[in-house]
Amino acid sequence: MGQKLKLTTSDNHSLGAYRADPAGQPKGGIVVIQEIFGVNHHIRAMCDRFAAIGYTAIAPQVFDRFARDFECGYTPDEIAHARGLLGNLNFDNMMKDIAAAMDNVKSAGPLGIVGYCMGGTASFLAACRLPGLKAAVSYYGGMIGKFADEKPKCPLQMHFGEKDDGIPMATVDEIKKKQPQAETYTYPDAPHGFACDERASFRKEASGLAWTRTTAFFAKHMK
């Protein structure tokens with residue numbers, strides 16, 4: 001369903017991306033932001049899934065600035081290696097990468113963004129810093145707490161697992177206080193990464209409910 005392509009940012013950086021288009025007229029464009037594991041099979045599958053319900057979806061390779069074409073799976077060694085790349089993260093640069101992805105799919109109609117883990121923080125920041133988004137959804141964005149004083153320019157929905165070892169519920173409560181306008185959901189038995197069906201932390205019920213809420217949120221705001 002999808003294809004790989006190249007994007008060019010406002011600072012002339014070239015990065016890869018995966019784009020999936022729906023069979024018919026798109027309802028809008030959705031930017032899908034990766035976890036630390038790159039634009040891997042799971043993220044491409046999420047793009048395909050959004051395309052299947054009528055959206056043009058694009059996942060920019062936001063690690064290309066320091067680890068070109070990086071992608072991996074979820075073995076302990078792969079997770080450790082991916083975490084080792086986190087020191088290179090620069091959210092200002094990532095906003096430029098996301099803006100280039102938005103530009104690529106803007107002809108599809110209203111724009112939304114969704115991100116997972118690191119991408120969950122990035123989607124929150126994009127909602128706050130980038131104009132042109134109609135809706136933003138964040139899954140278990142572990143660093144949102146650091147940026148929770150920033151104000152989104154579009155409607156925001158957030159998902160957290162109550163069994164997430166990396167995001168204490170006290171942090172989620174603080175985020176809720178600072179973002180009272182957002183739709184924020186927690187899932188009682190869900191650990192970090194609960195929406196990824198390729199990870200041991202996958203929780204089918206929580207993932208299904210979060211997907212239903214996500215798609216309803218996009219349908220409501222991307223008109």
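## Exercises on two pockets

The lining of the largest pocket holds nine nonpolar, four polar and three charged residues. Here Ala, Val, Leu, Ile, Met, Phe, Trp, Tyr, Cys and Pro count as nonpolar, Asp, Glu, Lys and Arg as charged, and the others, Gly among them, as polar. The model is predicted: local features need pLDDT of at least 70, side-chain atom pairs count only at pLDDT 80 or more, and totals for chains, interfaces and linings use all residues. Residues are numbered from 1 along each chain as its sequence is written, and side-chain values use heavy atoms, without hydrogens and water.

**Exercise 1.** Describe the second largest pocket (on a 1 Å grid over the protein atoms alone, an open set of points where a 1.4 Å probe fits, with protein on both sides within 12 Å along at least five of seven lines; lining residues have an atom within 4 Å of a point).

*Solution.*
1. Start with volume, the space filled by probe spheres set on the points. The second largest pocket has about 160 Å³.
2. Next, take the lining. Among its residues are His 42, Asp 197 and Phe 202.
3. Sort the lining residues: four are nonpolar, three polar and four charged.
4. Find the top contributor. H1 gives the most to this lining, with four residues.

**Exercise 2.** Place Asp 197 in the model.

*Solution.*
1. Asp 197 sits in the loop between strand E8 (183-187) and H7. Helices (H or I, at least four residues) and strands (E, at least two) are DSSP runs, numbered from the N terminus.
2. Asp 197 counts as exposed because its relative accessibility is 53%, where exposed means over 50% (1.4 Å probe, protein chains only).
3. Leaving aside neighbours within four places in sequence, Asp 197 is in contact (heavy atoms within 4.5 Å) with His 42 and Phe 202.

Notes. Buried means under 20% relative accessible area, exposed over 50%, partly exposed in between (1.4 Å probe, protein chains only).
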